[in-house]
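Thanks for making the time this morning. I would like to walk through one model with you, beginning with how its parts meet and then turning to two single residues.

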Amino acid sequence: MKKISVNKKTLYVVESHNQVLEAWESCTRQNVFSLDFHTDSREAFQNYSYWKADSEIKSGLYRDHEKRKKEIIDQKINQYLEKEITIKQINDNLKNDEHLDFSVRVDMIDTVFILSKNSNASSSNPNVYIIDGRNNYRNQRILEYSPPCIPGCEKSIHDEKCRYMRADSSLEDFVLDTAIARAKNFKSSFFENYILDIDCDFFNTEKSLYPENFETFKKLIRESDFITIALEPECVKICLLEGCRLNSEIILSRLITIIEESQI
Ligand SMILES: [Zn+2]
């Protein structure tokens, strides 16, 4: 994790998204407003517990895979809460889409709101609420908001043109204002105490980094307690739209320029 100070704003830059936990650990149960291509809302230690339980069952130590998985997850979380293991040790066994669940389960973070491009029809994680999905809200602390297109698009099927338009508009005021209003619907005090979290794969076209109107983004930067940025170079490559040339370093450098301007 690299700590950078830009005009009095602190940003923490990490490679893998789950490493942001190292920065979030020092916070005071803030909210997180996250911009990401993916929702990153898988249950903590899904991958680790799956394979560990699998090998234990093959060695004849246990029989019930689901039950053993749950025990392994609970054990990891308790070890952290009892301060037997550090956040770095947690990250050794956490995937880059399992950190949000971990952060709310150990009460590091209060509520997470994710504005993502990738949408899930349902979630197996009981801590996740999909906004505009099929289920009722039960005070879940991870809120996924993945609108299929930009606000106001009335096409019944969002086509290729929509995909580019949506990517290009990622930071435009009318996009972020809508997301912010949705977050406030769930928690009116959300933006009184929050961390701005950005995964570089949220940016899929060059134009997405040069919005026409982005006062809202600048305000989000200014009023945040601090910012975390995940480089995720491979995800950036995979999520790029055809014909676009971006990489994590270009995105980071442009974000730093915007942060600099926002702080004036
Ligand atoms: Zn559309």
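How many Å separate the centres of domain 1 and domain 2, taken over C-alpha atoms? The separation of those centres is 28 Å. Before going on, I should say that this is a predicted model, in which local features need pLDDT of at least 70 and side-chain atom pairs count only at pLDDT 80 or more, while totals for chains, interfaces and linings use all residues. Residues are numbered from 1 along each chain as its sequence is written, and side-chain values use heavy atoms, with hydrogens and water left out.

The domain assignment gives domain 1 as 2-42 + 95-262 and domain 2 as 45-93, such bounds coming from an automatic or database domain assignment. Taking contact to be heavy atoms within 4.5 Å, 12 residues of domain 1 are in contact with 13 residues of domain 2. The two domains bury about 1,100 Å² between them, 59% of it on carbon and sulfur atoms, where buried area is the accessible area (1.4 Å probe) that two parts lose on being put together, summed over both. On the side of domain 1, E22, F102 and R105 lose the most area to domain 2, and together they make up 40% of what that side buries.

R105 appears again in a salt bridge with D74, whose closest N and O atoms are 3.4 Å apart; the rule asks for a side-chain nitrogen of Lys or Arg within 4 Å of a carboxyl oxygen of Asp or Glu. Across the interface of domain 1 and domain 2, that rule finds one salt bridge. As for secondary structure, α1 (21-24) and α5 (99-105) each supply at least two residues of the side of domain 1 that touches domain 2, helices being DSSP runs (H or I, at least four residues) and strands likewise (E, at least two), numbered from the N terminus.

Now to the single residues: is S103, which lies in helix α5, buried or exposed? S103 counts as buried because its relative accessibility is 0%, the cut-offs being under 20% relative accessible area for buried, over 50% for exposed and partly exposed in between (1.4 Å probe, protein chains only). Leaving aside neighbours within four places in sequence, S103 is in contact with L21, W24, M108, I109 and V112.

R134, by contrast, is exposed, since its relative accessible area is 66%, and its place is in the loop between β5 (128-130) and β6 (142-145). With the same neighbours within four places left aside, R134 is in contact with A121 and S122.
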